[in-house]
Structure formats: structure tokens, C-alpha cells
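Biologist: Could you take me through one part of this model up close? I'm new to this, so plain words please.

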Amino acid sequence: MVTAYSATGNVNLAREVFGGTPKGMRDTVFYNAMITAHSHDNDGNAAIRLFCEMQRDGFRPDNFTFTSVISAVGLVAESEKHCQQLHCVVVKSGTGFVTNNALLTLYSKCAKLDDARLVFNKMRVKDLVSWNAMLSSYVNSGRMNEAKEIFQEMPEKNLLTWAVMIAGLAQNGLGEESLKLFNLMKLQGFQPCDYAFAGAITSCAALGSLKSGRQLHSQLIRLGFECSLSAGNALITMYGRCGVVGDARNLFLTMSFVDSVSWNAMIAALGQHGHGVQAVELFEEMLKEGILPDRITFLTVLSACSHAGLVEEGHRYFDAMHDIYGITPGEDHYARMVDLLCRAGKFSDANDMIGKMPFQPGPQIWEAFLAGCRNHGNMELGIQAAERLFEMIPQNDGTYILLSNMYAAKGLWDNVSRVRKLMRDQGVKKEPACSWVEAENKFHVFMVDDTAHPEVNAVYSYLKQLVLEMRKLGYVPDTRFVLHDMESDQKEHAISTHSEKLAVAFGLLKLPRGATVRVFKNLRICGDCHNAIKYISKVVGREIVVRDGKRFHHFKDGECSCRNYW
């Protein structure tokens with residue numbers, strides 16, 4: 001009866017049956033059933049109390065008992081304290097590897113991976129569940145080097161093994177490795193599941209590989225996984241991050257089932273492309289559908305408001321987080337609000353918000369503030385924000401670069417030199433700007449003033465032709481974005497060799513006539529490049545999409561989708 005009530009979700013009735021049964025009629029199986037019922041009801045504390053009562057009553061736990069109570073411990077706030085205690089009881093009991101597998105999972109949930117590895121190493125018998133549990137522990141904690149070692153050492157692998165590793169590589173910024181592993185899995189004779197597809201699609205999103213993403217989408221449909229929620233959500237993100245937000249929206253509207261992750265992914269895609277009003281409308285539609293927003297939802301909608309300059313809407317949603325939905329804003333939410341206010345030039349409001357925060361502002365807050373000061377040329381406040389960041393994260397190259405850029409924009413070259421010297425003294429190296437474009441079945445990467453690409457001379461030649469046509473339309477190179485003190489002609493040459501210009505020119509040369517050129521950049525797009533690409537789109541009559549470190553820019557007929565608000 002206890003098991004039956006538990007299976008149907010009637011845990012209160014299960015409790016009544018258990019409580020009304022005399023202790024003399026109870027046995028280990030009976031206790032196991034009730035412990036499992038509490039665990040399924042997410043009541044870890046009740047399960048642990050019953051486990052202790054069971055031992056006081058003289059019943060010896062078995063493998064099933066330990067597996068259930070270990071799962072329950074993972075549900076309680078003081079799980080770390082219970083880990084070691086329960087482990088001692090398990091060792092004394094002499095139970096088998098089934099319990100050890102559960103212990104591996106428990107230590108993983110408690111973020112005690114070294115203890116999990118000790119359990120794993122001491123296991124005399126390791127089955128596939130043991131290996132997969134250890135692999136998942138490393139993947140979930142982002143320790144991918146150790147995950148790779150475990151993966152290589154495994155005597156056998158199943159579909160779960162491959163899927164976990166593919167997804168882990170994708171989620172930890174190793175997209176190329178993830179896609180290679182996905183293809184290797186198929187060569188090994190494994191039919192991909194929807195979870196493996198989701199991992200591979202996530203890799204395409206990170207790399208900006210629309211072609212590969214579309215191919216995976218086709219394979220999904222062919223194998224009958226088009227109704228998969230996890231794969232569908234990954235596809236929404238992939239299409240959004242590859243610059244085709246319309247395809248993301250079409251998929252979202254035609255999915256047989258959507259959840260809060262689907263809504264969050266779609267709102268994020270609209271926000272990244274500067275469609276702030278549409279993102280807000282979709283958020284309101286989500287609320288009308290009765291789907292409760294979570295903290296991720298608010299991050300996406302606040303970002304959308306920030307990119308579109310929707311200050312009033314951003315304030316309203318930020319207040320609604322706590323007042324209506326009971327979600328305490330974290331530092332990331334405050335950072336989005338500071339970013340929103342600073343982009344709009346409302347530095348006084350941003351300062352007030354920082355002063356009223358319920359905790360000390362961390363790097364996220366001051367990075368958003370400094371970026372806003374850079375955009376608006378607010379030198380005084382920018383220096384203050386940079387000083388805070390130097391104290392908190394002295395090895396972060398972004399602070400030095402933003403401060404140096406602010407000085408360069410004002411022509412304060414002595415100050416630029418001092419910042420760069422400070423950077424050298426601290427041993428901080430600047431992340432090099434690079435841009436890449438997918439053409440002829442491969443990615444082509446360009447650096448600033450590139451000389452390494454085999455076709456770079458053709459690219460420079462074509463760019464010169466484009467600039468002649470652009471000048472006829474009124475283009476004048478904006479040398480304020482040259483960050484070194486040099487002569488005017490040298491500045492014009494320096495700014496003409498920026499990586500995004502080279503990638504755009506290469507894409508125009510290599511992609512089919514009329515095809516959209518999609519370029520990806522690791523850092524924020526340069527102001528002159530932004531202006532130049534608007535002119536290029538007019539000259540060539542083609543759409544050019546650039547994804548930088550923050551958002552998308554769609555250039556068409558001499559205009560940009562961001563309306564110069566970026």
C-alpha cells in the first residue's frame with residue numbers, strides 16, 4: 001500500500017498507512033518503501049529521520065535502503081555534513097557496488113569530487129553505471145580534462161556515455177571537440193539520441209556554424225526526434241546565435257510542446273538581435289500562458305531591454321522579480337540593470353542603484369558601469385569604476401583595454417602609455433581581437449593586420465576597391481578608434497586592417513552571389529568598422545550580419561538593426 005500510494009503521488013496516505021502499522025509488523029522492505037516515498041516527495045529530511053529510526057528499531061539497511069537515503073541526502077541543505085556520516089555507515093555495512101554508485105552521485109551533488117574519485121578508485125567492481133557516474137561528476141563540475149581521461153579509460157561505453165561527453169564538451173566551450181566526438185560516435189555504430197543531438201547543436205551555436213546546425217536539424221527530423229524538447233530548445237538557441245532569429249521564431253511557434261527553457265531561449269534570441277520590443281511582447285505572452293518566469297527569464301528580458309534602450313520596461317520587470325514573483329535579484333540581475341541605465345546615459349540612476357544594493361557590488365557591476373562610461377566618454381566615472389576593478393580583478397585585461405580606449409578617444413596618449421605599462425607590469429596580456437566567417441565548408445579566422453591567411457592579399461585588394469566605392473557614398477574613416485598615437489595616413493591604414501573588415505570582405509568574395517555574410521567576432525565591434533560595414537552593405541547590395549561579444553548587428557541597405565544604439 002505504501003509503495004502504491006507513493007507511486008501515485010499520495011505521500012500523505014502512504015504516511016498514514018506507515019504510521020498506523022505496529023512496529024512489530026514492519027520490516028526492512030516496509031521502511032525502504034517509506035524512505036523512497038519521502039525521497040520522491042523531495043522531503044529529504046523526513047527520509048533521513050526515518051532511516052535513523054529504522055536503525056534504532058534494529059533493522060539492518062540493505063542496498064536498496066542506502067540507494068534511497070543517499071538520494072534523499074542530496075535534497076537537504078546540510079547534505080555535505082551527511083555525506084561523510086552516511087559513507088561511514090555504508091562502509092561498515094559491507095554493501096556492494098550498487099551503493100557505491102549512489103555514493104558517487106551524492107558526492108558529486110555535494111561538489112566533493114575528490115571524495116567521489118576516492119570511492120571510485122577503491123571500488124573492486126566497476127560497472128558501466130560506475131564509470132558513467134564518475135564521468136558525469138567531472139562533466140557537471142566543468143573539470144573536462146579529468147572527464148576526458150575517464151572517457152578514454154572506460155572499458156566500454158553506451159549511448160549515455162557518448163551523450164554526456166558530447167554535451168559536456170559543448171557546454172564548456174569545446175565546440176569543435178564536441179562535434180568531432182558526435183561524428184566519431186556515429187562511426188562507432190551508435191545511433192544518436194536526442195540528448196546527444198542537443199549537445200552537438202549547442203556546439204554549433206557556440207561556433208556560429210549555421211550550416212552544421214541545419215544539417216543536424218535535418219538529421220533530427222529524419223530520425224523522428226523533431227518532437228524532442230531538449231533538441232528543440234537547443235535549435236532555438238542555435239538559430240538565434242547563428243544570426244537567423246526568424247528561423248528560431250518559426251521553430252518556437254511550431255514545436256509540439258514548449259517549456260520555460262523554450263520561452264527563455266526565444267526571448268534571449270530576440271534580445272540579442274536588438275528586437276527588444278518583440279522580446280518584451282513575448283515575455284508578456286509567456287505570462288498570459290500561465291508560465292511562471294524564473295531568474296533566467298528575467299536575465300534574458302533585462303538584457304533585451306538593455307540592448308533596445310527600454311529603460312522604463314526594465315525598471316518595471318526588475319521590480320516585479322521580487323514584488324510579484326518572489327525572486328531575489330542576484331548580482332547578475334543588478335549588472336543587467338546597471339548596463340541598461342549606463343547605456344542610456346543615466347549614470348546618476350545607476351549610481352543610486354549600486355548604492356542601494358543589498359550586497360557589495362562585484363566585478364560584474366563595475367564592468368557594466370565602466371563599459372557605459374566608455375560608450376558615453378564619461379572619463380571621471382570611468383576612472384573610478386576602473387580603480388574598483390583593478391582592486392577586485394587585477395588580472396582582467398578588459399579593464400585595462402576599456403580605460404586605455406577612453407584615454408585614446410580623448411587623445412590622452414601619455415595616459416594610454418601609463419595604462420599599458422601598468423598592464424605589462426601586472427603581467428596581463430590582451431586577448432587578441434579575431435573574427436571568423438564560414439565559407440567553403442570551413443571556418444576562416446582573421447586577426448588584426450592579418451598576414452597569415454593564405455588569401456589575405458586578395459582580401460586587402462578587394463577592400464581597397466570597396467573603400468573607393470564607399471567614399472563616393474560619403475564614408476570617411478573614423479580614426480578616433482585607432483588606439484595608438486601615429487600620423488593620419490598611418491591611422492587610416494591601421495583601422496582598415498581590423499579583423500571584422502577582413503572577414504566581411506572574405507565572405508563577400510567566397511560566398512555565393514546574394515548570400516548573407518555572417519561574421520563572428522570575439523570582442524565588441526569597432527565603431528569605425530560598424531560604420532564601414534553599413535556602407536559596404538549599401539555598395540554590394542547584400543545583408544551582412546556581425547555577431548560580436550555582446551549582440552548581433554544586421555547591416556542592410558546602409559543601415560544597422562541596432563539603430564546605432566549599442
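Modeller: Let's start with H307, which sits in helix α19, residues 295–308. Keep in mind that this is a predicted model. H307 counts as buried because its relative accessibility is 10%, and the cut-off for buried is under 20%. So who does H307 touch? Skip the neighbours within four places in sequence, and H307 is in contact with G271, R343, K550, R551 and Y565.

Burial also shows up in helix α24, which runs over residues 379–392. Its buried residues are M379, L381, G382, A385, A386, L389 and F390. The cover over those buried residues of α24 includes α22 (347–356), α23 (363–376), α25 (397–409) and α26 (413–425). As for its span, α24 has 14 residues and reaches 20 Å from first C-alpha to last, close to the 20 Å expected at 1.5 Å a residue.

Now for a pair of helices: α10 (residues 144–153) and α11 (residues 159–171) have axes that come within 11 Å and cross at roughly 155°. Since angles over 145 degrees count as roughly antiparallel, that makes α10 roughly antiparallel to α11. The crossing of α10 past α11 is left-handed. On the α10 side, the contact is made by M144, A147, K148 and F151, while α11 brings T161, W162, M165, G168 and L169. Sort the residues of that contact by type and you get 6 nonpolar, 2 polar and 1 charged.

Note on methods:
Residues are numbered from 1 along each chain as its sequence is written. This is a predicted model: local features need pLDDT of at least 70, side-chain atom pairs count only at pLDDT 80 or more; totals for chains, interfaces and linings use all residues. Side-chain values use heavy atoms; hydrogens and water are left out. Axes are lines fitted to C-alpha atoms, for helices over the stretch in contact, and angles run from 0 to 180 degrees between N-to-C directions. Helices (H or I, at least four residues) and strands (E, at least two) are DSSP runs, numbered from the N terminus. Angles under 35 degrees count as roughly parallel, over 145 as roughly antiparallel, 65 to 115 as roughly perpendicular and the rest as oblique. A crossing is left-handed if the near helix is turned anticlockwise from the far one by less than a right angle, and right-handed if clockwise. Contact means heavy atoms within 4.5 Å. Ala, Val, Leu, Ile, Met, Phe, Trp, Tyr, Cys and Pro count as nonpolar, Asp, Glu, Lys and Arg as charged, and the others, Gly among them, as polar. The expected span of a helix is 1.5 Å times one less than its number of residues. Buried means under 20% relative accessible area, exposed over 50%, partly exposed in between (1.4 Å probe, protein chains only).
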